[in-house]
Amino acid sequence: MKNRKKLIITLGIVLVLTFGFIFYDTFFSFDDMSVIFVTTNNTPEPTSEPTPEPTIKPAETVHFIGVGDNLIHGTIYLQAQQRAGGNSYDFDYAYKNIENYFDDFDIRFINQETLVNDAYKPSHYPQFSSPVELGQHVVDMGFNAIGMSNNHSYDKGPDGIRSSLEFWSQFDNIEYFGFYTGDDANEIKYMDVKGVKVAFVAYTMYTNGLSIYDETCPKVVSTSDYETIERQVKIAKENADIVIASCHWGYEDTNQTIPLQHEIAQKLNEFGVDAIIGTHPHVIQTVEWIENPDNGHRTIVCYSLGNFISAQSAANNMLGGMFMFDIVKTYTDLEDNYKITIENPKFVPTVTHYDANYANVRNYLLADYTAEMAASHGVRAFQDVFSLEFMERIIYKYIPEEFLLYK
């Protein structure tokens, strides 16, 4: 009995020791502890994103478009008056086929050939006056650079000039220019668009023999007054990235430029003008780049845009144009230094149409015009040479292919 009891005790001790070693090996072995220790001390630290390298700012592009003479003959404003019921003027019909074209442009220039004012009643050739509703419609179409220097600037004397300037001054979103008193610091106009500052100046070759003797009245500057032009352009260059000049010049009714236009263009290039928009001939004329041989400065010149709208009676007066280009501001380094270039200059032809007896005057893109429409044009009563083919011959003869945007 004692031997059996000892055996049981001995077996119990063996079992306890066996399970004890198993327990120790499972939970307290050196190898397992080592694994736990190593794993705990090698947990990776979170990493930060690398700092991006600085980059040069992307280029900014300002889109410019200009149109020619907004020449409001009597039949145009009388039709507008009739459409408004006789007590006002509604010019929508005259421009509705073309006005949406300007939506994608930042700077929209127009040569306002006739004085917009309420000091005088509307009047016809040879001394024009246009109702203020015409000016309001010009603004509503989106034009924000209004050129006023032309051969009809003095048609209504000092009162007409002051009234017109007062009218345009009510709009905060436009610049109007062309009349000066000598206070260049305040009278040279500027427009800031997308970080590009553009200056505008305007000059005319003619005033139809009229003069302004009132010393307090603003006046136009002649294209022959190189001293004043050079002074103004210098000031404009000091305060802007680019200078655009409106030049009312050349001979009427001829698609051929004259030497004096080229002489003036060369002078403006020499002074630093970057783009010249030509008006006055009432017909289109050529486009070219000119370059200063001494410093390489380039100027784009559109010698004449013809009429934006009119009720003239010569076949080639019906063909006009719009001139567009991009003003590109390209950053050259991380310090935000930049250069300004004019790129993609294009000429887009337009046409003024009216029915028999000057009825329903309106304008179109020539690309939207048809041979059938041309065959019904009222101008054929005066010159039956007018046709779509007639206009296309002029375009291809006088507008170099590199500048032409048509079909």
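**Reading confidence, core and cavity**

Visitor: What does the pLDDT of the protein chain average in this model?

Guide: This is a predicted model. The protein chain has an average pLDDT of 91, and 88% of the residues score at least 70.

Visitor: Over which residues is the pLDDT below 50?

Guide: Where pLDDT is low, the predicted coordinates should not be read in detail. One such stretch is residues 1-12, with zero contacts in the model beyond near neighbours in sequence. Residues 14-40 also stay under 50, and for them the model has four contacts beyond four places in sequence.

Visitor: Which residues touch the most other members of the largest nonpolar core?

Guide: That core holds 116 residues, and I107, W168 and F386 have the most fellow members in touch with them. Strand β6, residues 196-204, supplies the largest share of the core, seven residues.

Visitor: Which residues does F386 touch, leaving aside those up to four places away in sequence?

Guide: The partners of F386 are A315, M318, V351, Y369, A374, H377, V379, R380 and M391.

Visitor: How many cavities of 30 Å³ or more does a search of the whole structure find?

Guide: Rolling a probe the size of a water molecule over the atoms shows where empty space is left. Here the search finds one cavity of 30 Å³ or more. The largest cavity has a volume of about 50 Å³.

Visitor: Which residues line the largest cavity?

Guide: Its lining consists of Q112, E113, T114, L115, V116, M148, N150, H152, S153, S164 and W168. By character, the lining of the largest cavity divides into four nonpolar residues, six polar and one charged. W168 thus links two topics: this residue lines the largest cavity, and W168 is also one of the core residues that touch the most other members.

Methods. Residues are numbered from 1 along each chain as its sequence is written. This is a predicted model: local features need pLDDT of at least 70, side-chain atom pairs count only at pLDDT 80 or more; totals for chains, interfaces and linings use all residues. Side-chain values use heavy atoms; hydrogens and water are left out. A nonpolar core is a set of buried Ala, Val, Leu, Ile, Met, Phe, Trp, Tyr and Cys residues joined through side-chain atoms within 4.5 Å. Buried means under 20% relative accessible area, exposed over 50%, partly exposed in between (1.4 Å probe, protein chains only). Helices (H or I, at least four residues) and strands (E, at least two) are DSSP runs, numbered from the N terminus. Contact means heavy atoms within 4.5 Å. pLDDT is the predictor's confidence in each residue, from 0 to 100. On a 1 Å grid over the protein atoms alone, a cavity is a set of points where a 1.4 Å probe fits but cannot get out, and a pocket is an open set with protein on both sides within 12 Å along at least five of seven lines; lining residues have an atom within 4 Å of a point. Grid points are joined across faces, edges and corners, and a volume is the space filled by probe spheres set on the points. Ala, Val, Leu, Ile, Met, Phe, Trp, Tyr, Cys and Pro count as nonpolar, Asp, Glu, Lys and Arg as charged, and the others, Gly among them, as polar.
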